[in-house]
Amino acid sequence: MKKTVVDFRDMKQNEIKISMVTAYDYPMAQSAERAGVDCILVGDSLGMVVLGYESTAPVTMEDMLHHTKPVRRGAGETFVVADLPYLSYTSVKKTLENSAILIQQGGADAVKLEGGRTQVRQVRALSRAGVPVVGHIGLTPQSAAQLGGFKVQGKDLARSLELLEDAKALQEAGAFMIVLEAIPEVLGEIISRSLDIPTIGIGAGRGCDGQVLVLQDLLGLFDRFKPKFSKNYADLGQKVVEALACYNQEVKSHMFPEEKHCFLMDPVIAQELRELIES
């Protein structure tokens, strides 16, 4: 049964950890649902792990809608959050319009946007319009260049306090959940204890109310770089290469296809066909 915003808040209150994973297509969304994952994020991380960009910045609304639709079809009973991509929520009007696209056309249950107090107007507008919204603070990939690259955030006292205030502001504005990315564990725990809404950590330590990982990192399907906070639960990348190499060798050595892979014809008709072609 699909979880709701209320269910996630209850899980926090009852100290039940929330599992979230990214997915970008039908089969992986289907697998996540079968595994019992609580929530799927259609992240703009697809720009890097699926589309091959150097960052998430080139991802468009068209990309997000294109990938949200099959995830919804593959995981009809799982709560789906879709990212608002770079520059798609620079005003309240754009935020509402683009969120409507991801929810009404894409089938998402909620949207996620990056930033703290700078996004309060957008979060409040979404909340008032009845759109469930997830915040995202700490390392925010869309603005990584302004943060000095993909680096841990909140390591000094001043920045830590800023992030705590960002989290409180997002909660006050109506966010029902906040992703905390690449911050010290103690800060992740402090923020989580300071909020009534659940936090989802990605490199934010064990004190968060849940965790999220990029599916390609989790399965060993992305090797351009490996974040410290990621964990490989399988090495499917190497298995894929081995399977393709085996296929390539069997095709070239006439081992594939075998008779069992072929469609057969009645021998009499087959002989008539050959005689007709050869005559």
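This briefing describes the fold, strand pairing, burial and local backbone features of one protein chain.

The structure is a predicted model, and its secondary structure comes to 11 helices and eight strands. The C-alpha trace spans about 85 × 35 × 35 Å along its principal axes, and 46% of the 279 residues count as buried. The points below begin with the whole chain, continue with the strands, and end with individual helices, loops and residues.

**Whole chain**

- Of the contacts between residues at least 6 apart in sequence, 57% join residues that are at least 24 apart.
- The protein exposes about 15000 Å², and carbon and sulfur atoms supply 55% of that area.
- The chain carries 30 positive and 36 negative charges, and the mean positions of these two sets are 8 Å apart.

**Strand β7 and its partners**

- Strand β7, which comprises residues 199–202, is covered on both of its faces, with T199 and G201 buried on one side and I200 and I202 buried on the other.
- This arrangement follows the general pattern in which the side chains of a regular strand alternate between the two faces of the sheet.
- Strand β6, residues 177–181, runs parallel to β7 and is joined to it by four bridges, with V179 standing opposite I200 of β7.
- Between these two strands the chain passes through helix α8, residues 185–194, and the resulting β-α-β crossover from β6 to β7 is right-handed.
- Strand β8, residues 210–213, also pairs with β7, in this case through two bridges and again in the parallel sense; the bridge partner of I200 in β8 is G210.
- I200 therefore has a named partner in each of two strands, counting as buried under the cut-off of 20% relative accessible area.

**Strand β1 and its partners**

- Strand β1, residues 18–22, is mostly covered, given that four of its five residues are buried.
- Four bridges join β1 to β8, and the two strands run parallel; within this pairing, V21 has L213 of β8 as its bridge partner.
- Strand β2, residues 39–42, pairs with β1 over three bridges, likewise in the parallel sense, and T22 stands opposite L41 of β2.
- The chain crosses from β1 to β2 through helix α2, residues 26–34, and this β-α-β crossover is right-handed.
- Strand β8 thus takes part in the pairing with β7 as well as in the pairing with β1.

**Helix α6 and its surroundings**

- In helix α6, residues 120–128, the buried positions are V120, Q122, V123, A125 and L126.
- The cover over these buried residues includes helix α5 (92–105), strand β4 (110–112), strand β5 (133–138) and helix α7.
- Helix α6 is followed by G130, a residue whose phi is positive, near 85°.

**Residues E172 and F229**

- E172 is found in helix α7, residues 157–173, and counts as exposed because its relative accessibility is 65%.
- The C-alpha atoms of E172 and Q216 are 34 Å apart in space, while the two residues are 44 apart in sequence.
- F229 lies in the loop between α9 (215–218) and α10 (236–252), and a relative accessible area of 30% makes it partly exposed.
- Leaving aside residues up to four places away in sequence, F229 touches E181, I202, G203 and L213; among these, I202 is one of the buried residues of β7 and L213 is the bridge partner of V21.
- F229 and A100 are 129 residues apart along the chain, and their C-alpha atoms are separated by 33 Å.

**Loop backbone features**

- A182, in the loop between β6 and α8, has a positive phi near 50° although it is a residue other than glycine, and with a relative accessible area of 7% it is buried.
- H254, in the loop between α10 and α11, likewise has a positive phi, near 65°, in a residue other than glycine, but H254 is exposed, with a relative accessible area of 72%.
- P257 also has its place in the loop between α10 and α11 (267–278), and the peptide bond that joins F256 and P257 is cis, with omega about 5°.

Conventions: Residues numbered from 1 in each chain as written. Predicted model: local features only at pLDDT ≥ 70, side-chain atom pairs only at ≥ 80, totals over all residues. Heavy atoms only, no water. Buried < 20%, exposed > 50% of the residue type's maximum accessible area, 1.4 Å probe, protein only. Pairing = 2+ DSSP bridges. Right-handed = clockwise from strand over helix to strand, strands pointing away. Contact = heavy atoms within 4.5 Å. Areas by Shrake-Rupley, 256 points an atom, 1.4 Å probe, with all protein chains shown as cover. Lys, Arg positive; Asp, Glu negative; His and termini not counted. Charge placed at Lys NZ, Arg CZ, Asp CG, Glu CD.
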